[in-house]
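Me: I have a model open and would like to go through its fold. Please take me through it by question and answer.

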Amino acid sequence: MASCREFTVIIERDDGGYYVAAVAELPGCHTQARTHEELMERVGEAIRLYLETVGVPEVEVRKVRVEV
């Protein structure tokens, strides 16, 4: 039975109009797509491939509140 995990995905739009995603907990895990829907499919694929080939790295992600 497969297990589920949650990951933080940072999504930006590049100058060419593509959506670009980076998975915060998985260094070097990135993907891009023309539409948001396609991007989310590719993010899932990228995460699964990363975990299959690299494994789960020891990375900690925290939110920090800064007054600006």
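The questions below deal with the sheet, the helix, the core and the salt bridges of this predicted model.

Me: In what order do the three strands of the open sheet lie?
Reply: The sheet is open and its pairing is antiparallel. β1 (9-13) and β3 (30-33) each have a single partner strand, so they stand at the edges and one side of each is left without a neighbour in the sheet. On average, neighbouring strands are turned by 20° against each other, direction ignored. The order is β1-β2-β3.

Me: Over how many bridges do β1 and β2 pair?
Reply: The two strands run in the antiparallel sense. Within this pairing, Arg 13 stands opposite Tyr 19 in β2. The number of bridges between β1 and β2 is five.

Me: Which residue of β3 is the bridge partner of Tyr 19?
Reply: β2 (residues 19-23) pairs with β3 in the antiparallel sense over four bridges. Val 20 of this pairing stands opposite Gln 32 in β3. For Tyr 19, the bridge partner in β3 is Ala 33.

Me: Which residue takes a positive phi in the hairpin of β2 and β3?
Reply: The hairpin of β1 and β2 has five residues between the strands, and there Gly 17 takes a positive phi near 90°. In the hairpin of β2 and β3, six residues lie between the strands. The residue with a positive phi near 85° in that hairpin is Gly 28.

Me: Which side chains of β2 are buried?
Reply: The side chains alternate along the strand. Val 20 and Ala 22 point to one face and are not buried. Pointing to the other face, the buried ones are Tyr 19, Ala 21 and Val 23.

Me: What angle does the direction of helix α1 make with that of β3?
Reply: Helix α1 covers residues 36-53 and packs on the sheet. The helix touches β1, β2 and β3. Its direction and that of β3 make an angle of about 155°.

Me: Which element gives the largest share of the largest nonpolar core?
Reply: This core has eleven residues, among them Tyr 19, Ala 21 and Val 23, and also Leu 39, Val 43 and Ala 46. Two or more residues come from each of β2 and α1. The largest share is five residues, and the element that gives it is α1.

Me: Which residues does Ile 47 touch, not counting those up to four places away in sequence?
Reply: Ile 47 is one of the residues of the largest nonpolar core, as are Val 23, Leu 26 and Cys 29. With close sequence neighbours set aside, the residues touched by Ile 47 are Phe 7, Val 23, Leu 26 and Cys 29.

Me: How far apart are the closest N and O atoms of Glu 38 and Arg 42?
Reply: Both residues lie in helix α1, four residues apart, about one turn of the helix. Glu 38 counts as partly exposed because its relative accessibility is 29%, and Arg 42 likewise at 33%. They form a salt bridge whose closest N and O atoms are apart by 2.8 Å.

Me: Which residue forms a salt bridge with Arg 62?
Reply: A search of the whole structure finds two salt bridges. Arg 62 is exposed, with a relative accessible area of 66%, and its partner is exposed with 57%. The closest N and O atoms are 2.2 Å apart, and the partner is Glu 60.

Note on methods: Residues are numbered from 1 along each chain as its sequence is written. This is a predicted model: local features need pLDDT of at least 70, side-chain atom pairs count only at pLDDT 80 or more; totals for chains, interfaces and linings use all residues. Side-chain values use heavy atoms; hydrogens and water are left out. Two strands pair if DSSP finds at least two bridges between them. Axes are lines fitted to C-alpha atoms, for helices over the stretch in contact, and angles run from 0 to 180 degrees between N-to-C directions. Contact means heavy atoms within 4.5 Å. A nonpolar core is a set of buried Ala, Val, Leu, Ile, Met, Phe, Trp, Tyr and Cys residues joined through side-chain atoms within 4.5 Å. Buried means under 20% relative accessible area, exposed over 50%, partly exposed in between (1.4 Å probe, protein chains only). A salt bridge is a side-chain nitrogen of Lys or Arg within 4 Å of a carboxyl oxygen of Asp or Glu.
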